[in-house]
Amino acid sequence: MSGFSNFAISFSIICILAGGISAFPNAFNATGSGGVFLIWLLGGGIAMTVAFGMGQIASSYPTAGGLYHWSSHLGGKAWGWATAWFNLVGLICVVGSVDLLLYSVFFQGILLSTVLKVDISGMTLWHQFFAMVIILTSQALLNHTASNSLQY
């Protein structure tokens, strides 16, 4: 993969903008602005500690493969396997949460309710389910066809 392609897939997996924006309303409703500020500082400190540790590991084991390879070297093959599965589960959860935000806020809240003036009070979980199936299927098809047609 090219440098830009590698950056693009990493940025998509991290999902800084969509993941952060979708988490703010829940955090503000649960703890208020002061709580969010303190949790942001605590979370940032923990993330920096993990980043420092990963930087130290990367300098000791400078290989491609990242987390899986490091886990296999440091803890054995079982830890490498577990790391890969935890990463996959995390990716699935992030994609699902971002797509749920896409449906509930942008599609249902802005497009249908505000722009098209549709009454959304009668929408059930089945509407959400089928919308999520359509969103996830279209993303899967776009990712599959786009990755097969790119020339490196």
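Leaving aside its neighbours within four places in sequence, which residues is W70 in contact with? Keep that question in mind while you get your bearings; the tour comes to W70 shortly.

**The whole chain**

Start with everything shown as a cartoon. What you see is a predicted model. Its secondary structure comes to five helices and zero strands, so if you follow the chain from the N terminus, the elements read α-α-α-α-α. Now switch on the surface. The accessible surface comes to about 11,300 Å², and 75% of that belongs to carbon and sulfur atoms. Of the chain's 152 residues, 13% count as buried. Take the contacts with a separation of 6 or more: 46% of them are between residues 24 or more positions apart.

**Stop one: W70**

Hide the surface and select W70, which you will find in helix 3, residues 66–75. With a relative accessible area of 11%, W70 is buried. Now for the opening question: setting aside neighbours within four places in sequence, W70 is in contact with M54, I57, A58 and Y61. Select those four as well and show their side chains. You can also try the distance tool on W70 and S60: these two are 10 residues apart in sequence, and their C-alpha atoms are 9.6 Å apart in space.

**Stop two: T83**

Next, select T83, in helix 4. Is T83 buried or exposed? The answer is buried, because its relative accessible area is 16% and the cut-off for buried is under 20%. Display L67, Y68 and S71 too: T83 touches these residues, not counting those up to four places away in sequence.

**Stop three: W81 and W85**

Stay in helix 4, which covers residues 77–115, and select W81 and W85. They are four residues apart, about one turn of the helix. The structure holds five aromatic pairs. In the pair formed by W81 and W85, the ring centres are 6.1 Å apart and the planes stand at 55 degrees, so this pair is tilted. How open are the two residues to the outside? W81 is exposed, with a relative accessible area of 58%, while W85 is partly exposed at 43%.

**Stop four: D99**

Move along to D99, also placed in helix 4. Which side chain of opposite charge is nearest to D99? That is K117, 25 Å away; D99 is buried yet has no salt bridge. Look instead at Q139: the side chains of D99 and Q139 make a polar contact of 2.9 Å. To fill in the surroundings, add M132, I135 and L136 to the view. D99 touches these three and Q139, not counting residues up to four places away in sequence.

**Stop five: K117**

Now jump to K117 itself, in the loop between helix 4 and helix 5, the latter being residues 125–149. K117 is exposed, with a relative accessible area of 66%. Check its backbone as well: K117 has a positive phi of about 60 degrees although it is not a glycine.

**Last stop: a cluster of rings**

To finish, select W126, F129 and F130 and show their side chains. Ring pairs link these three residues into a cluster.

Key. Residues numbered from 1 in each chain as written. Predicted model: local features only at pLDDT ≥ 70, side-chain atom pairs only at ≥ 80, totals over all residues. Heavy atoms only, no water. Phe/Tyr/Trp six-rings, centres within 6.5 Å; stacked < 30°, edge-to-face > 60°. Helix = DSSP H or I, 4+ residues; strand = E, 2+ residues; numbered from the N terminus. Buried < 20%, exposed > 50% of the residue type's maximum accessible area, 1.4 Å probe, protein only. Contact = heavy atoms within 4.5 Å. Areas by Shrake-Rupley, 256 points an atom, 1.4 Å probe, with all protein chains shown as cover. Lys, Arg positive; Asp, Glu negative; His and termini not counted. Salt bridge = Lys/Arg side-chain N within 4 Å of Asp/Glu carboxyl O. Polar contact = N/O pair within 3.5 Å; in protein donor to acceptor, adjacent residues only side chain to side chain.
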